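Q: Please take a close look at one part of this structure and describe how its side chains are placed. Then follow the side-chain pairs in other parts of the chain in the same plain way.

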Amino acid sequence: MMKGISAAALLALGLTGCSVYRDATSTEPPAGWGWRKVVTDNDADRLRNWRKAWDDALAPAKAENPAAIAADPQLFDPDVALGQAMPPAGNYLCRTFKLGSQQPVTRYFTAYPTAQCRITPRGDALHLSKLGTEQRPDGLIYPNTDARAMFVGTLVLGDETAPLRYGVDPRRNMVGYVERIGESRWRLVLPYPGFESKLDVIELIPAG
């Protein structure tokens, strides 16, 4: 349940076709809104436990594929943050890495092929969407501090043409933070996602 808003009020918003959850993700948020205004209590807990997520995920990933982790120390160092956390709008090349496992049959390190992402302005925030893959994060990057911006969104699946409203399906909620980790390189870190891994790391590099 969202802080400060009753269940009845949320229902009324949904029935009128205007959703505070939609404002949290894919449309322009109301002026002055930040990520704390829209994030659910459960997702706030995930964000607070970001360090534990790294600890739970990185060690088994390193044990399974030490060469991959060692080959990119900047990407897989939980304490790298260079400031200027809000990436510029534009087209990006993005790679998703899943670390750790929620179940025994899932690998502890999985790297997906490079895909296309797009970042566009949405008021004071930025809209991030991954394009053309079976699992696609879609949501808003909110300003927070110079070192770290915050992401609130949902997971788009398969042939879906629009993101699910944030908060409707807690397992599809995606929350995390964005950091700059190189000259023109950012990452989106998603602690304890709803499926498969214990930590997702999405590298973001401007496409041109």
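A: Asp43 and Arg46 both belong to helix α4, where they stand three residues apart, about one turn of the helix. The model in which they are seen is a predicted one. An α-helix has 3.6 residues a turn, so residues three or four places apart point the same way. Asp43 and Arg46 form a salt bridge, and the closest N and O atoms of the two are 2.7 Å apart. Both partners are buried, Asp43 as well as Arg46.

The helix around this pair, α4, runs over residues 41-48, and its buried residues are Asp43, Ala44, Arg46 and Leu47. These four lie on the same side of α4 because they cover an arc of only 155° around the axis. The exposed residues Asn42 and Arg48 are carried by the face of α4 that is turned away from the buried side. What do the buried residues of α4 pack against? Two of the elements are helices, α3 (35-38) and α5 (50-64), and the others are the strands β6 (149-157), β7 (173-182) and β8 (185-191).

Two of these strands, β6 and β8, come up again below, starting with β8 and its salt bridges. In the whole structure, a search finds 13 salt bridges. One of them joins the side chains of Asp72 and Arg185, at 2.6 Å from N to O. This pair links distant parts of the chain: Asp72 sits in the loop between α6 (66-70) and β1 (90-99), Arg185 sits in strand β8, and 113 residues separate them. Asp72 and Arg185 are both buried.

Arg185 also has a salt bridge with Glu203, where the N to O distance is 2.8 Å. Here, too, distant parts of the chain are linked, with Arg185 in strand β8 and Glu203 in strand β9 (residues 199-206), 18 residues apart. The relative accessible area of Arg185 is 15%, and the cut-off for buried is under 20%, so Arg185 counts as buried. For Glu203 the relative accessible area is 5%, which means that Glu203 is buried by that cut-off. Asp72, Arg185 and Glu203 belong to a network of salt bridges that also includes Arg95.

The loop between α6 and β1, which holds Asp72, also holds Phe76. Phe76 takes part in ring pairs. A pair of aromatic rings is described by the distance of the centres and the angle of the planes. The structure holds five aromatic pairs. In one of them, Phe76 and Phe97 have ring centres 5.4 Å apart and planes at 90°, so the pair is edge-to-face. Phe97 is in strand β1, 21 residues from Phe76, and the pair links distant parts of the chain. Phe76 counts as buried, at 5% relative accessibility. Phe97 counts as buried as well, at 5%.

Phe76 forms a further pair with Phe109, with ring centres 6.1 Å apart and planes at 70°, so this pair is also edge-to-face. Because Phe76 lies in the loop between α6 and β1 and Phe109 in strand β2 (residues 109-111), the pair ties together parts that are 33 residues apart in sequence. Phe109 has 7% relative accessibility and counts as buried. Through these ring pairs, Phe76, Phe97 and Phe109 form a cluster.

Rings also meet a charged side chain. Over which rings does Arg148 lie? Arg148 lies over the face of Trp50, 4.5 Å from the ring centre. Arg148 also lies over the face of Tyr177, at 3.6 Å from the ring centre.

The last residue to look at is Val156, which is part of strand β6. Strand β6 is one of the elements against which the buried residues of α4 pack. Val156 is itself buried, with a relative accessible area of 5%. Leaving aside residues up to four places away in sequence, Val156 touches Glu134, Gln135, Arg136, Asp138, Ala162, Pro163 and Arg172. From Val156 to Leu131 the distance in space is 9.9 Å, C-alpha to C-alpha, while the two are 25 residues apart in sequence.

Terms used
Residues are numbered from 1 along each chain as its sequence is written. This is a predicted model: local features need pLDDT of at least 70, side-chain atom pairs count only at pLDDT 80 or more; totals for chains, interfaces and linings use all residues. Side-chain values use heavy atoms; hydrogens and water are left out. Buried means under 20% relative accessible area, exposed over 50%, partly exposed in between (1.4 Å probe, protein chains only). The arc is that of the directions from the helix axis to the C-beta atoms. Contact means heavy atoms within 4.5 Å. A salt bridge is a side-chain nitrogen of Lys or Arg within 4 Å of a carboxyl oxygen of Asp or Glu. Rings of Phe, Tyr and Trp (its six-membered ring) pair if their centres lie within 6.5 Å; planes under 30 degrees apart count as stacked, over 60 as edge-to-face and the rest as tilted. A charge sits over a ring if NZ of Lys or CZ of Arg is within 6 Å of the ring centre and within 35 degrees of the ring normal.
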